[in-house]
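User: I'm new to this one and would like to go through it piece by piece. Can you show it to me, and then I'll ask how each label was earned?

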Amino acid sequence: VQDLTDSNLELKLILDMYRRESTDSRDVLAARDLEYKAWAHVHSLKSSLDEQSLELRVKTAIEAEAISQQRLAAAEAEIADMRQKLEAFKRDMVSLSDALKSKNEEIEAYLSEIETIGQSYDDMQTQNQQLLQQITERDDYNIK
């Protein structure tokens, strides 16, 4: 009877241990499940944060690209304006160059005309000297 009582007590103890173990394993499983859910939630939040960070970087990049496009458009407009000014300056330079050539030709013509007039003046001076000499000779002849 004593052995049976001890055996019964041992079996009750083993049964109690199994109950605790099965209860504990359920708690462990529930805890693990909660841990996995919490880890999944943390991972989800981290992904969401990464997405928000990525969206913010994309938004910043888009804004920077828009600003760059505006600057590029302004620079292209300025380049086009400068090209127009350059073309206008080239046309003015060609026009002024042609005018300068024309003035140089006029100057050459005037210089040639001045030389001709100077030569004629020298010739007239020589002729006047001869005429004065002739007049002086006639006066001398008439006086004699």
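User: What makes Lys37 and Asp33 about one helical turn apart?

Analyst: Lys37 and Asp33 sit 4 residues apart in helix α1, so about one helical turn separates them. A helix here is a DSSP run of H or I with at least four residues, numbered from the N terminus. By the way, this is a predicted model, where local features need pLDDT of at least 70, side-chain atom pairs count only at pLDDT 80 or more, and totals for chains, interfaces and linings use all residues. Residues are numbered from 1 along each chain as its sequence is written, and side-chain values use heavy atoms, with hydrogens and water left out.

User: Why is the contact between Lys37 and Asp33 called a salt bridge?

Analyst: The term asks for a side-chain nitrogen of Lys or Arg within 4 Å of a carboxyl oxygen of Asp or Glu. The closest N and O atoms of Lys37 and Asp33 are 3.5 Å apart, so the pair fits the rule. In general, side chains of opposite charge can pair when their charged atoms come close.

User: How many salt bridges does that rule give?

Analyst: The count is 2. Lys85 also forms one with Asp81, with the closest N and O atoms 3.6 Å apart. Lys85 and Asp81 both lie in helix α1, 4 residues apart, about one turn of the helix.

User: Why does Asp33 count as partly exposed?

Analyst: Buried means under 20% relative accessible area, exposed means over 50%, and partly exposed is in between (1.4 Å probe, protein chains only). Asp33 has 38% relative accessibility, so it counts as partly exposed. Lys85 at 42% is partly exposed, and Asp81 at 35% is too.

User: What share of the chain counts as buried?

Analyst: Of the 144 residues, 0% count as buried.

User: How do you know that the chain isn't a compact globule?

Analyst: Look at the radius of gyration, taken over C-alpha atoms; the globule rule is 2.2 Å times the number of residues to the power 0.38. A compact globule of 144 residues would come out near 15 Å, but the chain has 60 Å. The C-alpha trace spans about 205 × 20 × 15 Å along its principal axes, and the secondary structure comes to 1 helix and 0 strands.

User: Where does the "coiled-coil region" label come from?

Analyst: It comes from an unreviewed UniProt entry and covers residues 65–113. Such annotations may be inferred rather than shown by experiment. In the model, that span is 100% helix and 0% strand, with its end C-alpha atoms 70 Å apart.

Technical notes: Helix = DSSP H or I, 4+ residues; strand = E, 2+ residues; numbered from the N terminus.
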